[in-house]
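Me: I have a model open in my viewer and would like to learn how to read it. Could you walk me through some of its features?

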Amino acid sequence: MASTKSFAEAVKARRTFYALTNESTIPDSRIQEIVKDAILHTPSAFNSQTSRAVVLLREEHVKTWDIIAEVYKQQLPEEKFNRANERFKGFRAAYGTILFYEDTDNVREFQDKFKTYEDKFPGWSEQTNGMHQYHIWTALEAEGLGVNLQHYNPLIDVRLETEYNVPSTWNLKAQMVLGKPTSGPAVENKEFKPVEERMKVYGAK
C-alpha cells in the first residue's frame, strides 16, 4: 500500500538514518515499484533518460557491502581500514542498497544530437541523477524506511560491474542504503539558514 503522506509532508520529514536493521516496513515489490516509478517519471533534460539503478535486497545487499569492504581492505592501511570497516558493518546490517548510475553512452548520444548544448549534458545528467536519488529517498522514508546515501565509488566500480553484469558505460554515482530504523535520524533538529538569504521573489501579490 502506498504512503498516505502528502508530498509536502514527505519532503519535510526526509532525513538521514544510519541505525538500520535488516528488516523492511514494506514488501520488496513496493520497493521495486518506487524505483520503477522514479526511473519512469523523474524528469531529465531533453527527456534524455540517462539515469539507471540497480536494486540489491537481502543477501545481495549483504554481498555488496562484503565486496566494498574487501576492495577497501586492499586499498587502505590496516588502521584506516578498521575504522572504515565499522561503517561498512553498519551499512551491511541494513536491508537493501540501491546503486545509482548514469549511462555515459546515453549522455554522449544527446551531446551528438544537440551540439549547441554539448557541454551542458554532463551537468544535466548529474542533476537528473540527483533528482532520482531524492525521489526514491523521499518515497522510501514516506513508507517508514530509513535511508542514507554513500559515495564509495570509484574504487568499487569494477567489482560491482562484474558482480551484477553492469554495462561498462554505466558510471556509478551513489549507493543508497535502506532498512527499518532503530532510532531517530542522524540529526534530530536540523538547522536551517535563513530562507530570506536563499530565496528572492518578485511580482508576487
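Reply: Happy to! Let's begin with a term: a residue counts as buried when its relative accessible area is under 20%, and as exposed when that area is over 50%, with partly exposed in between. Please keep in mind that this is a predicted model.

Me: Good, let me try that on a strand. Which residues of β3 point one way and which the other way?

Reply: The general idea comes first. In a regular strand, side chains alternate between the two faces of the sheet. In β3, one set is Gly 96, Ile 98, Phe 100 and Glu 102, while Thr 97, Leu 99, Tyr 101 and Asp 103 point the other way. The residues of both sets are all buried. With 8 of its 8 residues buried, strand β3 (residues 96-103) is therefore largely enclosed by the rest of the structure.

Me: What does β3 pair with, and in which sense?

Reply: Strand β2 (residues 51-57) pairs with β3 in the antiparallel sense, over 7 bridges. You can find one of these in your viewer by locating Val 55, whose bridge partner in β3 is Ile 98. Strand β5 (residues 170-181) also runs antiparallel to β3, and 8 bridges join the two. Here, look for Leu 99, which has Gln 175 of β5 as its bridge partner.

Me: How many residues of β4 are buried?

Reply: In strand β4 (residues 146-150), 5 of the 5 residues are buried, so the strand is mostly covered. The cover extends to both faces: Gly 146, Asn 148 and Gln 150 are on one side, with Val 147 and Leu 149 on the other. β4 pairs with β5 over 5 bridges, again in the antiparallel sense. The bridge partner of Gln 150 is Gln 175 in β5, the residue that also partners Leu 99.

Me: Now the helices, please. How do I describe two that pack together?

Reply: Two numbers do the job: packed helices are described by the angle between their axes and the distance between the axes. For helix α3 (residues 59-75) and helix α4 (residues 78-92), the angle is about 175° and the axes are 9 Å apart. That angle makes α3 roughly antiparallel to α4.

Me: Which residues make that contact?

Reply: On the α3 side they are His 61, Val 62, Trp 65, Asp 66, Ile 68, Ala 69, Tyr 72 and Lys 73, and on the α4 side Phe 81, Asn 85, Phe 88, Phe 91 and Arg 92. Sorted by class, this contact has 8 nonpolar, 2 polar and 3 charged residues.

Me: At what angle do the axes of α2 and α6 cross?

Reply: Helix α2 (residues 28-41) and helix α6 (residues 121-142) cross at roughly 150°, and their axes come within 9 Å. Angles over 145 degrees count as roughly antiparallel, and α2 and α6 are therefore described that way. The crossing of α2 past α6 is right-handed. From α2, Ile 31, Ile 34, Val 35, Asp 37, Ala 38 and Ile 39 take part, meeting His 132, His 135, Ile 136, Ala 139 and Leu 140 of α6. By class, there are 8 nonpolar, 2 polar and 1 charged residues in the contact of α2 with α6.

Me: Let's turn to the backbone. Where is there a cis peptide bond?

Reply: Go to the bond from Asn 153 to Pro 154, which is cis with omega near 10°. Pro 154 sits in the loop between β4 and α7 (157-163).

Me: Which residues other than glycine have a positive phi?

Reply: Two to look up are Phe 46, with phi near 60°, and Asn 165, with phi near 55°. Phe 46 is in the loop between α2 and β2, and its relative accessible area of 38% makes Phe 46 partly exposed. Asn 165 belongs to the loop between α7 and β5, and is exposed, with a relative accessible area of 70%.

Me: One last feature: what does Lys 190 touch, leaving out residues up to four places away in sequence?

Reply: Lys 190 touches Arg 14 and Arg 15. Sequence distance and spatial distance are worth reading side by side here: Lys 190 and Arg 15 are 175 residues apart along the chain, yet their C-alpha atoms are separated by 9.0 Å. Lys 190 is in the segment after β5 and is partly exposed, at 38% relative accessible area.

Terms used: Residues numbered from 1 in each chain as written. Predicted model: local features only at pLDDT ≥ 70, side-chain atom pairs only at ≥ 80, totals over all residues. Heavy atoms only, no water. Axes fitted to C-alpha atoms, helices over the stretch in contact; angles between N-to-C directions. Helix = DSSP H or I, 4+ residues; strand = E, 2+ residues; numbered from the N terminus. Parallel < 35°, antiparallel > 145°, perpendicular 65-115°, else oblique. Left-handed = near helix turned anticlockwise from the far one by under 90°. Contact = heavy atoms within 4.5 Å. Nonpolar A, V, L, I, M, F, W, Y, C, P; charged D, E, K, R; others polar. Buried < 20%, exposed > 50% of the residue type's maximum accessible area, 1.4 Å probe, protein only. Pairing = 2+ DSSP bridges.
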